[in-house]
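Subject: Model for your files

Hello,

Here is the structure I said I would pass on. Please look it over before reading the notes beneath it.

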Amino acid sequence: DQVNNDNVESGGKDLFVDLNLSRREVYIGESISASIKIFTRVNLGGINEIKYPDFKGFMKTDLETPPVNSLKQENVQGTIYGTGVIQQFLLYPQMPGEITIDPVQLTVLVQQKSGQSDPFFGDFFSTVHNIPRAVVSKPVTIKVNPLPGTKPGDFSGIVGKLELKSSINKDSVNINDAINFKIIVSGSGNLKIAEAPKVKLSPDIEVYDPKVTDNIRSSTGGTSGQKIFEYLLIPRHHGDYTIPQIS
């Protein structure tokens with residue numbers, strides 16, 4: 001593969017690491033797909049340690065990343081490297097402005113042969129040693145724009161495409177009988193931060209704290225799924241009651 005990325009530079013190096021981001025300009029709360037990728041022209045015996053920056057100003061969600069069992073060959077500015085993705089995650093910026101992510105530091109084990117080669121057997125009897133070596137990525141700056149318009153007082157903080165649905169399991173009950181009131185928030189965005197919507201009902205209806213369940217999936221494309229809030233409502237007096245709209 002040919003790699004074209006402003007953040008990736010070979011400069012004749014035999015080993016470097018890159019923090020690759022899907023985009024460098026977003027709104028507050030929008031997801032950024034990030035990956036830590038190693039590029040090598042030397043034989044590696046493994047990765048000894050990963051030091052992550054603190055990602056100040058971001059919420060971070062780790063993505064399941066297969067272990068690097070073999071390297072892929074990629075062309076970086078005319079030089080062939082063996083490459084492997086070490087970790088993938090999502091970043092959600094929480095403040096406006098230009099935020100700089102500090103470098104990622106890896107300690108890798110570089111294989112070096114020692115001992116003299118035999119004239120008949122070549123390198124057959126030479127010994128391989130693993131030498132620790134630190135590699136550091138370049139810092140990366142992201143421009144985070146504030147959200148447009150006026151923020152509503154009940155804004156959840158989720159930026160994405162959302163749908164809100166509500167339902168009750170029955171609309172006619174006796175006094176002190178329970179009603180199940182369900183609110184479903186679904187779509188794409190950082191649904192993990194969705195808090196229970198405020199339910200304002202008549203004081204004649206007792207409202208219990210909701211049971212919360214979710215079915216949320218995160219991938220390099222972002223976070224999607226649904227979060228369900230189930231409230232138990234118990235009317236304590238006769239009458240007709242209206243559940244107002246939920247926002």
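The notes below cover confidence in the model and then one strand with its partners.

This is a predicted model, in which local features need pLDDT of at least 70 and side-chain atom pairs count only at pLDDT 80 or more, while totals for chains, interfaces and linings use all residues. Residues are numbered from 1 along each chain as its sequence is written, and side-chain values use heavy atoms, with hydrogens and water left out.

Confidence: pLDDT is the predictor's confidence in each residue, from 0 to 100. The protein chain averages 88, and 90% of the residues score at least 70. Residues 1-6 have a pLDDT below 50, and this stretch has eleven contacts (heavy atoms within 4.5 Å) in the model beyond near neighbours in sequence. Where pLDDT is low, the predicted coordinates should not be read in detail.

Strand β17: strands are DSSP runs (E, at least two residues), numbered from the N terminus, and two of them pair if DSSP finds at least two bridges between them. β17 covers residues 222-235. Of its 14 residues, ten are buried (under 20% relative accessible area, 1.4 Å probe, protein chains only).

Its partners are as follows.

- β16 (residues 211-219) is antiparallel to β17 over nine bridges, and the two form a hairpin with two residues between them. Thr-213 is bridged to Ile-228, and Asn-215 stands opposite Gln-226.
- β14 (residues 179-188) runs antiparallel to β17, with ten bridges. Here Ile-184 has Ile-228 as its bridge partner.
- β15 (residues 205-207) pairs with β17 in the antiparallel sense over three bridges, with Glu-206 bridged to Ile-234.

Regards

Terms used: Helices (H or I, at least four residues) and strands (E, at least two) are DSSP runs, numbered from the N terminus. Buried means under 20% relative accessible area, exposed over 50%, partly exposed in between (1.4 Å probe, protein chains only).
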